[in-house]
Amino acid sequence: MRRIWGWVLAVACTWCLLAQAQPPSEPELAVLWPEITLEGAHLHIGFDASSGGLSLLEGNPDGRSFIAREERNYPCWELKLRSTDGSEESVSSIRGSEHVIHGGADTIIVEWKGVSVKDEKDVLDVRVDCTLDGRSDTALLSISVDNRSTKYGLWEVHFPIIANLGSPNDCDIAIGRGTWGMLYKNPKERIEGEYPSGNMPIQMMLIQRGDEGLYLAAHDPNAMYKRFACELGKEFRVITRAADMGVPGNDWQAPYPFAVGVYRGSWMEGCKHYRAWAIENAPWTKKGPLAKRTDVPEHMKNMTAWLLANGTAGEVVPVVRQFAERVGAPVGVHWYNWHEIPFDVHYPDYFPTKPGFAEGVKELTAAGVTVMPYINSRLWDTSNEDFAAAKPGATKDEVGNVNIEEYGSGAKLAVMCPTQAIWQNKIAEIIHRLGDECGVNAVYLDQIGAAPPRVCFDTAHQHTLGSGDWWVGGYRNLLTPIKQWCVAPERTIGLTTENNAEPYMDNVDAHLIWTPRSDSDIPMNTAIYSGYTTYFASNRAFDFGDVSYCVCQARDFTWGAQLGWDGPGILQPDHEAKLTFVARLSQLRSKALDYVVYGELLDVLTSESPNPDLNGKWNTPSGDAPVTLKAVHAALWRSVNGDAGILVANADTEAHTFTCSTDLARYGFSAAKWHVESVTNAETKAVGDQEGGTVHIAVDVPGRDAVLIKVVPGQG
């Protein structure tokens, strides 16, 4: 519905959003004067003709606003521009011209015409569209800019901007991070992320206040570079780099809508909202779920645990074979320094290999091991003799210099442009040689998912200057033919990358989530993309004792990770407890593939029985620090067949009983009767039959062990 109050529209606009604490079934629309609003069941969004920022209003006596306080003279958009002489200017909705507002039943359009940029008059027209989907309580916002300037070009578009969003006293922020995702409890600091990267793999941020949530997401199928920033009680904004950055007269034609919605429930509900959009609209999910994909090798789907190894075949092969025998389930080795060149030096000249590499690969693959050598997929060493020929394909900054990165080796490494044939062909050549000459059955492509897009202003590359949709598009063009080659009838080679940026998952089979872990992690990635891709690594606790290590494995196992990625030290007698636990979890994972690989993570469960805290230490984002987690971890999954399953893992040395009452109807399950089974590594046994929508579970979990509880529709 749309309700308009007011007849004279003044100098600025404010977005107004409302999440009602107790939404009535038939909401009464409040008059928000002088606001012009679209009103759904639980979301009110509109324009305030007398102010200049985004705000949430107390428009209904039963409603609660996500805005801490009213703010005047705050912009809802801001444009950063650069001139041909390098000077910078900015204009915003409170420094533009007067505006007009119009719209239809479910749409509001606001237009600012004739906006000036410094001494250039009447050179920008800005239009903001707001469309409300009342069924999902989500508004889609977009901004367009018609730029007629002969001097200034758009550099960044800041939209939307919301003043005083949330409060650090009662709101949390959930955001994807390089491992699982992070829930920041009442953060006082500014939370930021660059998308797409390991720093922000999903273009979404959630504001959580109790069981009320605010969904903030870019619905951008082209995965353009963005920076999300939120400081609760002060400001939220999204910054997108313009295409043809700084080119006079460049326009911004609403390349994607920004979604603002409200929901009832935890952060999990917000993740499911994004999952629905991604499955329906994103190109990285168009190949379908893993259960239907034939271009993902079976050994990548069946993987349970990884060993991190380094060096010659003589150093690597024996420890990998020992690891595989001890785990007793499909394993892989991530093999570093298989080449003669030093690490992070002379890339991409990986050949020749160290002596015996191909023979070692053959021995391991014959034993059923996945062998995955490391290569870097972004960088070319500028000290190489062949860099002169490669330089035209490198990314360049705005003055024409090659973008350089330096790491521990001290080598000056050029960031290559993924749109360029020289780089696309080089990566393909390396992978082809690894497959044909060395016989590997997986390749690790470092940094693709980890690093955010770099700008490139090389006019010879024939992409939009600076930024645009070409970075992710370039990698898709690079990887697509490689992916097709990797799964031709005569070979089955898996591809993985560092971290878990979403737009690459159609061409990479698994994501290395190796980065620091925290007891504030939440499984946002599997909440959204379980059944569509896989994640591996459960490290960062190895050096801090068995308790620290095992509680990390228990949690990551129930959240769906392929475990491990520790070094050969795990095979030493001092770490027997660690290896034994990894082996038990890995073997049970092999029995739960219909859930953790092909199914969907639905919720994280807590035990109603006593569940003691375990105190440990991890390598966290804040450095080595104490962590506290429960001994028993559990998660609810839906299998590929539609059955319910609960994965339970006990990190304690003592046995504990896991108890829960789960309303399966809440998650879309429907059956009059349920048959419950308990699956362990030793046996599968019936627990009993139950009737009704709520299933009651009570299962004893031995120390340092795990159980899969299957809940399937019963007969009758």
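**Note on N337 and the overall fold**

1. The side chains of N337 and N310 are joined by a polar contact of 2.4 Å, a value that comes from a predicted model and should be read as such.

2. As to its setting, N337 lies in the loop that runs between the strand β23 (331-336) and the helix α4 (357-366). Leaving aside residues up to four places away in sequence, N337 touches N310, G311, P342, F343 and K354, so that N310, already named as the partner in the polar contact of 2.4 Å, also appears in this list of neighbours.

3. Is N337 buried or exposed? The relative accessibility of N337 is 17%, and because the cut-off for a buried residue is under 20%, N337 counts as buried.

4. Turning to the chain as a whole, the protein chain holds 11 helices and 42 strands, and its C-alpha atoms fill a box of roughly 80 × 70 × 45 Å along the principal axes. For 716 residues a compact globule would be expected to have a radius of gyration near 27 Å, and the 27 Å found for the protein chain agrees with this.

5. Of the 716 residues in the protein chain, 63% are buried. Among contacts with a separation of 6 or more, 72% are between residues 24 or more positions apart.

6. On the surface, the accessible area of the protein chain is about 25,500 Å², with 49% of this belonging to carbon and sulfur atoms. The protein chain carries 62 positive and 90 negative charges, and the mean positions of these two sets are 0 Å apart.

Methods
Residues are numbered from 1 along each chain as its sequence is written. Side-chain values use heavy atoms; hydrogens and water are left out. Helices (H or I, at least four residues) and strands (E, at least two) are DSSP runs, numbered from the N terminus. The radius of gyration is taken over C-alpha atoms; the globule rule is 2.2 Å times the number of residues to the power 0.38. Buried means under 20% relative accessible area, exposed over 50%, partly exposed in between (1.4 Å probe, protein chains only). Contact means heavy atoms within 4.5 Å. Accessible areas come from the Shrake-Rupley method with a 1.4 Å probe; for residues, only the protein chains shown count as cover. Lys and Arg count as positive and Asp and Glu as negative; His and the chain ends are not counted. The place of a charge is taken as NZ of Lys, CZ of Arg, CG of Asp or CD of Glu. A polar contact is a pair of N or O atoms within 3.5 Å; within protein, one must be able to donate a hydrogen and the other to accept it, and residues adjacent in sequence count only if both atoms are side-chain atoms.
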